[in-house]
Amino acid sequence: KKARAYPPAPDESDATVAQFTDADFRSIAIPPGCFGDRPNARDIQSGAEVFGASPTVYVTRDPMLTADEAQTAIKLANQWADRHGGWTTSRHYSVATTDVPLTSLPEALPWFNAALAKKLLPALASRYPAAAPKPSKLRVLDCFLVRYRAGEQPSLPTHSDQSLLSFTIALNDPREYEGGGTSFPTLGLALDA
């Protein structure tokens with residue numbers, strides 16, 4: 001189901017990597033010793049062989065999705081939850097999220113796959129060329145919309161994702177909420193997506 005939902009980016013997307021420059025990103029170096037083979041203490045899952053001696057987290061300076069795309073995704077997820085008795089809460093074993101898998105929102109897949117091919121995967125490849133030299137070779141392992149609410153699920157415990165590369169996109173405007181962001185404990189920062 002996932003392979004059909006997220007087809008590979010076309011080879012032409014490989015040429016779009018150059019559209020992204022250092023000016024498009026805020027970069028935050030991860031201190032030595034915060035990654036590697038210590039599963040309970042690491043912020044990233046690989047070491048110097050993929051990310052170099054000084055791994056870096058990148059935050060885009062401009063949104064990767066338009067405000068209309070973000071609002072459409074939220075609307076579709078809420079409509080799905082209304083039809084199915086709520087958001088899912090048991091899809092992930094170790095770190096359960098309150099979410100809706102994007103594969104459950106077929107109306108969102110065309111524009112999301114276009115964003116993957118034109119922006120999201122090329123952006124990852126531009127920042128992590130050793131791990132992802134070509135967007136056309138990257139595959140989506142999982143994609144879901146998470147809902148955080150103060151009285152329900154305000155955050156997740158510290159964890160490492162199951163994939164080599166991950167991205168988080170805030171769908172709500174940061175002026176709509178307090179707090180938030182993806183926390184990197186060793187950096188002492190929560191970074192806005």
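1. A good place to start is Phe25, which is buried at 5% relative accessible area (buried means under 20%, exposed over 50%, partly exposed in between, with a 1.4 Å probe and protein chains only). Please keep in mind that this is a predicted model, where local features need pLDDT of at least 70, side-chain atom pairs count only at pLDDT 80 or more, and totals for chains, interfaces and linings use all residues. Residues are numbered from 1 along each chain as its sequence is written, and side-chain values use heavy atoms, leaving out hydrogens and water.

2. Next, look at the ring of Phe25 beside that of Tyr58: the centres are 6.0 Å apart and the planes lie at 75 degrees, so this pair is edge-to-face. Rings of Phe, Tyr and Trp (its six-membered ring) pair if their centres lie within 6.5 Å; planes under 30 degrees apart are stacked, over 60 edge-to-face, and the rest tilted. Tyr58 itself is partly exposed, at 26% relative accessibility.

3. Which residues form one aromatic cluster? They are Phe20, Phe25, Tyr58 and Tyr128. Phe20 is buried, with 13% relative accessibility.

4. Tyr58 has a charged partner too: the charged end of Arg127 sits over its ring, 5.4 Å from the centre (NZ of Lys or CZ of Arg must be within 6 Å of the ring centre and within 35 degrees of the ring normal).

5. Finally, is Ser136 buried or exposed? Ser136 is buried, at 4% relative accessible area. Leaving aside residues up to four places away in sequence, Ser136 touches several residues, including Pro8, Ala9 and Asp14 (contact means heavy atoms within 4.5 Å).
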